[in-house]
Amino acid sequence: MDGVVSYQRFPKIKIREVKDDYLKFELRETDASMANALRRVMISEVPTIAIDLVRSRSTHRSSTTSSSPTASASSPSPATAPCPCDSPATATHATETASASTAPSSSSSPSGFVRGIIIVKLRRGQELRLRAIARKGIGKDHAKWSPAATVTFMYEPDIHINEDMMESLSLEDKRNWIESSPTKVFDIDPSTHQVVVVDPEAYTYDDEVIKKAEAMGKPGLVEIYAKETDFIFTVESTGAIKSSQLVLNAIQVLKQKLDAVRLTEDTEEADEQFGELGAHMRGGGALATIADDLGLGLVESNTASQGNISSSTNQKLDRIISMMEHLLSSGEVQVNPAMDFSYPHNYGRYKDSHYYNVKGVEDHLIDTSEECEVFQIEPEIVIALNEGEDEMKIDVNSDKP
Amino acid sequence: MVSIEYTKGSHGDITVATKKDVIIGRLPIMLRSRCCVLNLRDEAELARLGECPLDPGGYFVVKGTEKVILIQEQLSKNRIIIDKDSKGHLIASVTSSTDAIKSKTVFILDKEKIRVVLNQFIKPIPIMVIMKAMGIESDQEVVQMIGRDPRYGVLLLPSIQECVEENVYTQQQALEYLETKVKRFSFSYGSVEKEGRALSIIRDVFLANVLVRDLHFRPKCIYVAVILRRMMEAVLNKDAIDDKDYVGNKRLELSGQMISLLFEDLFKTMNSEVKKSTDNLLEKSSRSSKLDISQHLARDIITHGLERAISTGNWDVKRFKMHRKGMTQVVLRLSFIATVGHMTRILPQFEKSRKVSGPRALQPSQWGMLCPCDTPEGEACGLVKNLSLMTHVTTDDEEGPLISLCHSLGVEDLELLSGEELHAPNSFLVMFNGLILGKHRKPQHFATALRKLRRAGIIGEFVSVFVNEKQKCIYIASDGGRVCRPLVIADKGISRVKEHHMKELKVGIRTFNDFLRDGLIEYLDVNEQNNALIALYEGEAVPETTHVEIEPFTILGVCAGLIPFPHHNQSPRNTYQCAMGKQAMGNIAYNQLCRMDSLLYLLVYPQRPLLTTRTIELVGYDKLGAGQNATVAVMSYSGYDIEDAIVMNKSSLDRGFGRCIVTKKLTAINQKYANNTMDRIIRPQRVGRDAERMQILDDDGLAAPGEIIRPYDIYINKQSPINKEISVHSPAGLPDSAYKSAIQTYKGPRGETAVVDRVALTSDKDNNLCIKFLIRHTRRPELGDKFSSRHGQKGVCGTIIQQEDFPFSERGICPDLIMNPHGFPSRMTIGKMIELLGGKAGVSCGRFHYGSAFGEPSGHADRVEVISETLVKHGFSYSGKDFIYSGITGSPLQAYIFMGPIYYQKLKHMVLDKMHARASGPRVMLTRQPTEGRSRDGGLRLGEMERDCLIAYGASMLIYERLMVSSDPFEVQVCRACGLLGYYNYKLKAGICSTCKNGDNISTMKLPYACKLLFQELQSMNIVPRLKLAEA
């Protein structure tokens, strides 16, 4: 609409720390709806591959009951539940089973070999033969497909110390005041004896210091606000995808969702015949419902800042897209170039097959039809520990799909 | 059971033959008892035997089921109990129990006259008559024996007068008087020794516990005098009335006593059976061989008698006319704690319907002996009790040596005392197991001497010595069934257990028994506790203190011991938890997967509680837990959490929270029949009509382990012969046509995938092949499943919400479930809040925190201040509240949220087992109305009260529809002439009245089939129900 001042913002992203399974970044100049949408998508809608169907076959020499209830056979889902989301389907599962059986003696595992979660422990002379089918899916369906172990953000706190009032405190009082915070936010400069903010992000919005100041008779000693536009994200991946990839994938998914929204907006003209209903739908309702569907809590905050929503829907969507694109591009720009994006993933001996499968995931990311592609990877995992043998022989005939 | 038997032989020359190791019967052995193979086995050995080392034992395995003989609570035998009856009369009752007889003697004070009520007499007998009958003809002597206090004399006067009125002065007169009052049995056999009847009753039945040797009645007279004295004391002073509910007046009967009682009875029946059969044999004139009694021992009587009693729970002892039901129960295997709790259960002596509050109330004397929390709700509330953690129930100790010891310690014999001396001031009566032994002039001296001997281990550790100052009595008890508990002995307020003792205990040089032997610890029963001054902690001891508690948390039982910080909870909450802990799913035993229970609930990933107690460690709940540590946020969310409902995180459920396994056992028997035919199991059809339902069958016709079994699947392809009676000469060669199908199909919830877990082939008691299938079903929590914390706070799952919608903290913590804060104010379960705090601190510092009852002073429970400090150290708020963001909007919540781990139990009540709905479905044959009950896919009844509502509302069409159209509509032909029901003749296509023999006045109408049925039933009883039809 003309005459409306553009409130268009360009979110910035800055990556602070990045490891394979850990990522900390700042997201600035946007609002909670945006940040939350990203978080939600990371948890529940970034697709991965996980083992979905497990069929264990005859167990040799009656490998006790463990074969049935606890382990894989106890219906597909619980089997995969303890091994949350293994995108490198064959490999990880194989390693997991392997580690499961070798559990007592870790001697066989080479250094750098990432131990999986124990699914079943085997005794000497027992073997387990199972067929595991991995599928691509999203966390919304089952948590095993969720690549995110932890995705969380916080508002960056904005801490203002009233220096004059602070100076009126004795050193003892200052120390007491600092102690009152459960986290180490403030400290005393040893040279100047001034209270300084050491780590604003350690502040947990517990209000303890404010309460303390009031109790000391100095209300307004410190003022702490949450910067409602700045977020600090912490992302931990389960290992299914690298954490940086997780964020990128999440943005992609979000983008596609928005494309879907735009698509419905475009076709809306054709919906004139719905008359009043159509008009109603257009008037904010549509976006609200769609956005709701998508799990974006963006309507509320935008309405407040933007005013008439019906006329500017398109415009806003464009802005969100551009924001997203910007986010994406800026994210890529700011990735520490020293970080290695290629895959020297040290998952041990199954490097190749692993790499292959992950590639598969990426390929499928682009077309997100609602249906999940089934990866019929059928590794024949035969684990047998023969009499007198201390080490495991693992035999994975993973036929590449 | 093996025993040695004596047999006599032969006619003229009597020889004494001995036979060793003759089996007279077999006795079920209590698990883990001294005779059990599992006794004293260590963990590895038990594991090799396939047994769970944590199993408490204490039950029996009879006919393949585990049975506990519950502890029975009874009023103590052979003790004088002064009480008031329902009419307010003062009563002294003695329930005598000897080897030979059980009797109850009641002294009643009615209108100032004391009388004796005895079953053998038709009416109450004046007490003085009894005294005279026992040979004390002088009233003065009676008064002297009771005591010289003039008030006693005054109280006795009416009784003496009554005796005079009856003209009874001498023993002879008294006995004659009694003779007239003896209850006559319809066919009197008493005429033989008519004179003796009254005397023998007085001798053998009246106060049977006081033995009378050679008509030497003096001990009995003194006993009566003591009773009278106590009654009079009670008249003068209300405090002297005994409390029936006082635990010291109670005895607990354990399984050993129960079985010995039964065994004795069965043994005697066996003896009489043997006698009978030998008599029969001797009567026969022609005997081929010499008589050998040992051949005629019926070993079945004892074996079967015991087996039947334990498996049915009906205890019938003919000799004491005892018929008790429900003595045994099947061991609860719902959870480990239910099993342990079941072993400590005490059944009451009264029937449950009694509405009195007295026996239900918490008794102060229960302290340390019976758990104050663990009792069921409802009708058995307060009657069914449970033992505390350290309670010991005594067994009978030998009396003879103790009596002689007492005498040598200066007890003056009763025989040597005159009535006057009996109650001399400063001397105390010495009562031994309810008998008057004599008197002692230095009671305290005597008591301390006995106690010293006990501590030195010279007399049994469970002998109790109790000085009753009020009654001027010393009670010594060595009988079985008393409850007692160990306490640390303190000398002048200083505990005998020193630090070096504890060190030795820790190292393992010392055991509990060493403490006992060295006189550091002793067992006190409820009565003796009254002579002790027990300090709760060593620090609180004063110079007068005689004992120190071992640990205060031991006053609770096993079930209540699981609750962390129970002393911070409102007391009913702990009681609720005691009931719920038994329904929680978890591990049953280490060998749970090898068991074949008919129904078993298991948790898939049970955890050890983050907040433990010492009891948990002692019992083994940390090894066989029944719950999971859930991160709980106390906040309201979505409105689906009102009324104690719980909002659950879907991802948590995906990851295995609250997931459980339910296994059911299906049994099929390959029956053999009398005509030598038998069922057969045949190869399944792979093609054809039933092929689909037979998919899970192996070629042997049985369902294969590992197969997914769905409703209506056949799990055994069995056929049984059509002809089961008439004998067949070649049973094997029967043609296929001689068999009819007897397949068994699985019935379970639709749409669920249960799995055949195991198939076991066994044989039943008739040697039939018995096939057992274990069907396993894994369930994840769903809407309506019941959960509870350990604080009596149960709730159902109200909704399941995606993780991304769940609130999260900036650390990334996302709760597993959300609980509504309204659950707290009215329940006042502060313990739960502390559990949350402690759990949170435990998680962040990596140490299990403790919350034993009353444990703060002794360090068995962490203090809130310390917990808060730990929290602050790890960057949490001291209050346990977190700053939380909404998962839906991403904006911070307005309040800080109390969040942390709480141990949650999944209870066995699940929606899947209960939900039920139907539209149309099966009907009952007789009435053609819908069936009743979920198991039969029944309809939901519109009952009288609902009908009343509809009538009041005037919804007649709805009533019509519910009560007839949807139930049992039926079309009848009614004859307007005679008003009776006719029938429809399909040939003539017309209704015909069978009474009028024509079809002229037939109307067709609809009425409920039940109504038609009623008419016909009435007709069969010669009542004519006539319908008068009017035009509508």
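**View 1. The largest nonpolar core of this predicted model, with its best-connected members**. This core counts 195 residues, and B:V129, B:M231 and B:I476 are the ones that touch the most other members. Helix α7 of chain B, running over residues 218–236, puts in the largest share, with 10 residues. There's also a second core, separate from this one, made of 32 residues; A:A32, A:A37, A:Y155 and A:I241 are among them.

**View 2. Who sits around B:V129?** Skip the neighbours within four places in sequence, and B:V129 is in contact with B:C163, B:E166 and B:V168. B:A174, B:Y177 and B:L178 are on that contact list too.

**View 3. Where chain A meets chain B**. Chain A brings 35 residues to this contact, and chain B brings 31 residues. On the chain A side, the elements giving two or more residues are α1 (32–44) and β5 (148–161). Helix α1 of chain A gives the most to that side: eight residues. Sort the chain A side by class and you get 14 nonpolar, 16 polar and five charged residues.

**View 4. Chain A, seen through its confidence scores**. The average pLDDT for chain A is 61, with 47% of the residues scoring at least 70. Residues 272–314 of chain A have a pLDDT below 50, and in the model this stretch has 47 contacts beyond near neighbours in sequence. Residues 331–401 of chain A also stay under 50. For that stretch, the model has 119 contacts beyond four places in sequence.

**View 5. Chain B and its domains**. Chain B has 1032 residues, of which 38% count as buried, and its elements are 25 helices and 52 strands. Its C-alpha atoms fill a box of roughly 105 × 90 × 75 Å along the principal axes. Take the contacts in chain B with a separation of 6 or more: 67% of them join residues 24 or more positions apart. The chain is divided into domain 1 (80–184 + 195–251), domain 2 (392–555), domain 3 (562–659 + 783–906), domain 4 (660–725 + 736–778) and domain 5 (968–1020). Measuring between centres over C-alpha atoms, domain 4 and domain 5 of chain B are 47 Å apart.

**View 6. Stretches of chain B that carry a UniProt label**. An unreviewed UniProt entry lists "domain: RNA polymerase Rpb2" for several stretches of chain B, including residues 430–490 and 938–1028. Residues 430–490 of chain B are 21% helix and 44% strand, with 26 Å between the end C-alpha atoms. Residues 938–1028 of chain B are 35% helix and 22% strand, and here the end C-alpha atoms lie 34 Å apart.

**View 7. Helix α23 of chain B and the glycine that follows**. How many of the 10 residues in α23 (944–953) are buried? The count is zero, so this helix of chain B is hardly covered. Just after α23 of chain B comes B:G954, which takes a positive phi of about 85°.

**View 8. A loop residue, B:A532**. Look for B:A532 in the loop between α16 (526–529) and β26 (534–535) of chain B. Why does B:A532 count as partly exposed? Because B:A532 has 16 C-beta neighbours inside 10 Å, and a residue would need 20 or more to be buried, or 12 or fewer to be exposed. Leaving out residues up to four places away in sequence, B:A532 touches B:L524, B:T546 and B:H547. B:H916 is elsewhere: 384 residues from B:A532 in sequence, and 60 Å away in space, C-alpha to C-alpha.

Key: Residues are numbered from 1 along each chain as its sequence is written. Chains are lettered from A and ligands numbered from 1 in the order in which they are written. This is a predicted model: local features need pLDDT of at least 70, side-chain atom pairs count only at pLDDT 80 or more; totals for chains, interfaces and linings use all residues. Helices (H or I, at least four residues) and strands (E, at least two) are DSSP runs, numbered from the N terminus. A nonpolar core is a set of buried Ala, Val, Leu, Ile, Met, Phe, Trp, Tyr and Cys residues joined through C-beta atoms within 7 Å. Two residues are in contact if their C-beta atoms, placed from the backbone, lie within 7 Å. pLDDT is the predictor's confidence in each residue, from 0 to 100. Ala, Val, Leu, Ile, Met, Phe, Trp, Tyr, Cys and Pro count as nonpolar, Asp, Glu, Lys and Arg as charged, and the others, Gly among them, as polar. Domain bounds come from an automatic or database domain assignment. UniProt positions are given in the numbering used here, feature names are shortened, and annotations may be inferred rather than shown by experiment.
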